[in-house]
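I set out to record what I looked up in this structure, one topic per entry. The entries are meant for a reader who has not seen it before.

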Amino acid sequence: MRTLSTPQHELTRDLLRKQLGGVPDRGFLDLIWGVHALQSDRTSSAESVLGSLYPAGAVTADLGSPYAIYPWELETLVNELLASPKLGIPWSYGSYTLGFRHWWAVARAVNTLRALEDQEYSAYCDPQNILREMQKIAARQFEWQRGFLNVPQFYRSAFLYGGDLCSSRLESEFGTSIGEMSLIGFAIFAALQQKPSVYRSINLADIGADRPTLERVLGRICRPLGDLRDVAHAQRQDWPFTAYRPSVLRQFPCISVEARREVVLAPIPDLVLLRVTSGIFYDVVGGGGAIRNEYGRRFEDYCWNYFKAQLPNLAIKREWKYAFRKQPYDTPDLLVSSDGQVAIAIECKATKMTVRAKLHDQAEDEKGFNDLAKGIYQIWRFFSHSRQGLTGSSLSKDAIGMLLTLDGWMVMGGPLRAEVIRRAEDLAAKDGGITVEDRKSVFFCQITDLESTLADADEETFLRAAQAAAQDEHEGWLLSSVHSRLSDDDAVARQRKPYPFDDLAELLPWWGAMKERKRDLQIQVPG
């Protein structure tokens, strides 16, 4: 583990520990909830915690405001609070004692956190490796800017993890289902829009959830405060950069407090939604290779379905097998053709990014990067075999590859992309039959970015944007940004298409029941 030893850093680290070690956890977690509510258009709810003790400028969702306190900073602050030893005495700063329902208490702690992060960057970040730093910043921030309360987030996750094996894993190991997880997660999220905590005994019978079901779901997403303090301390101590350490809230966004643990709080309610959608991964990943293969195949299905729904006239084929030297081979997962020739070969990768892969300096040690390299190699192998007339496919002279990922592995490009390409080159060299000509440009695209692009694109503008995205001048660009740059004039004449799979009731029956009843959840919250 690298440690920082500059005097200024030690002073700032000590100040943050004193600020967080001298506040009552419950009170400060409520305070963080209030600040987040204040900047999420829930001013009246925020005042249940903050009262009127905040500056007028703090009522804003504008990330550019000088009063903005970013949600990713609040998440880091919660984790630092949990990992900091309690001092047993209140820490005062000026005329205010932190933890006594002041917006300024969080603001000052965040300012200390920002100073600490700046000092860590100045001390250890290599100016020659600025692109890697940009990747980490993007990984930390982009998902917050997209948000978690949307139909694609619910639908995509329910589709991916709704297969027979994943469902059996949830039922046999944890006694629950994706539907129950998402229903109760959504109900808790709704309740936490009003107050920072709910009673563990909340009555959800009117939405079809009994007490045993509630307890089983809470068993997956909630832990006692003391337990989370232990986990946070253990997880974060071997990571040099405060901003990029693991967050216990990703697996356990809910925290039970009080003597009998009868109160459940969530300082950042949005993370409850994340946990019961894409966070279902935590519940199924331990089931072995068959389960990983299942949600990998379902990701391919999802990508295919999305292409066909948004670009119905696009010529696109699914994977098929062909033989070479009496050995069977698979084509890439999706093949996009134009004028009868393959223009884009697409490999779909549902491999989830670990925290280390997203944020650690030694991210390239993670096995997931080998999976990405293999995907590029498979695309190049198909190009090679097609050139040799083995696949029955004809290639466009400008054919390119796309690695379509569930997570944002290569947002901003940079050194990690170069490392994956290097590994793919090694695989191609061992193959022996892949020429330099076969190693055509391959660009990375995350599924959320593809969704955004295809909502604006038609068949022609998509193909044009994909071709441009594969060129060096657009390395690290989002496909949607490339498309926007090339299609501004066309966009005037087009209307953005809605998400095509808007009937969530097909996968989550409770969603349909809620729509039919057309009423808000009525859930008791602590006074």
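The entries below cover a pocket, a charged residue and several salt bridges.

**Entry 1. The model.** I noted at the outset that this is a predicted model.

**Entry 2. The second largest pocket.** I looked up its volume and found about 840 Å³. I then asked which of its 32 lining residues are the closest to the centre. They are Arg292, Asn293, Lys349, Thr351 and Asp371.

I next traced the lining to its secondary structure elements. The helices α14 (289-310) and α16 (368-387) and the strands β9 (327-330) and β11 (341-349) each supply at least two residues. The largest share comes from α14, with six residues. By class, I recorded 15 charged, ten nonpolar and seven polar residues in this lining.

**Entry 3. Arg42.** I located Arg42 in the loop that runs between α2 (25-38) and α3 (43-50). Is Arg42 paired or unpaired in a salt bridge? Arg42 has no salt bridge although it is buried, and the nearest side chain of opposite charge, that of Asp270, is 5.2 Å away. The cut-off for a salt bridge is 4 Å between nitrogen and oxygen, so a separation of 5.2 Å does not qualify. Leaving aside residues up to four places away in sequence, I listed the contacts of Arg42 as Trp33, His36, Ala37, Leu192 and Gln193.

**Entry 4. Salt bridges.** I counted 29 salt bridges in the model. Among them is a network that links Arg13, Glu80, Arg236 and Arg245.

I examined three pairs individually. Arg211 and Glu215 form a salt bridge with an N to O distance of 3.4 Å. Both belong to helix α10 (residues 211-221) and are four residues apart, about one turn of the helix. Glu215 is partly exposed at 27% relative accessible area, and Arg211 is partly exposed at 42%.

In the second pair, the closest N and O atoms of Glu425 and Arg439 are 2.6 Å apart. Glu425 lies in helix α17 (residues 415-431) and Arg439 in the loop between α17 and β13 (442-446), so this salt bridge ties together parts 14 residues apart in sequence. I noted both as partly exposed, Glu425 at 28% and Arg439 at 24%.

In the third pair, Asp456 and Arg496 form a salt bridge with the closest N and O atoms 2.8 Å apart. Asp456 is in helix α18 (residues 447-456) and Arg496 in the loop between α20 (479-491) and α21 (509-517), so the parts tied together are 40 residues apart in sequence. Asp456 is partly exposed at 31%, as is Arg496 at 47%.

Definitions and conventions. Residues numbered from 1 in each chain as written. Predicted model: local features only at pLDDT ≥ 70, side-chain atom pairs only at ≥ 80, totals over all residues. Heavy atoms only, no water. Buried < 20%, exposed > 50% of the residue type's maximum accessible area, 1.4 Å probe, protein only. Lys, Arg positive; Asp, Glu negative; His and termini not counted. Contact = heavy atoms within 4.5 Å. 1 Å grid on protein atoms, 1.4 Å probe; cavity = no way out; pocket = protein on both sides within 12 Å on 5 of 7 lines; lining within 4 Å. Points joined across faces, edges and corners; volume = space filled by probe spheres on them. Nonpolar A, V, L, I, M, F, W, Y, C, P; charged D, E, K, R; others polar.
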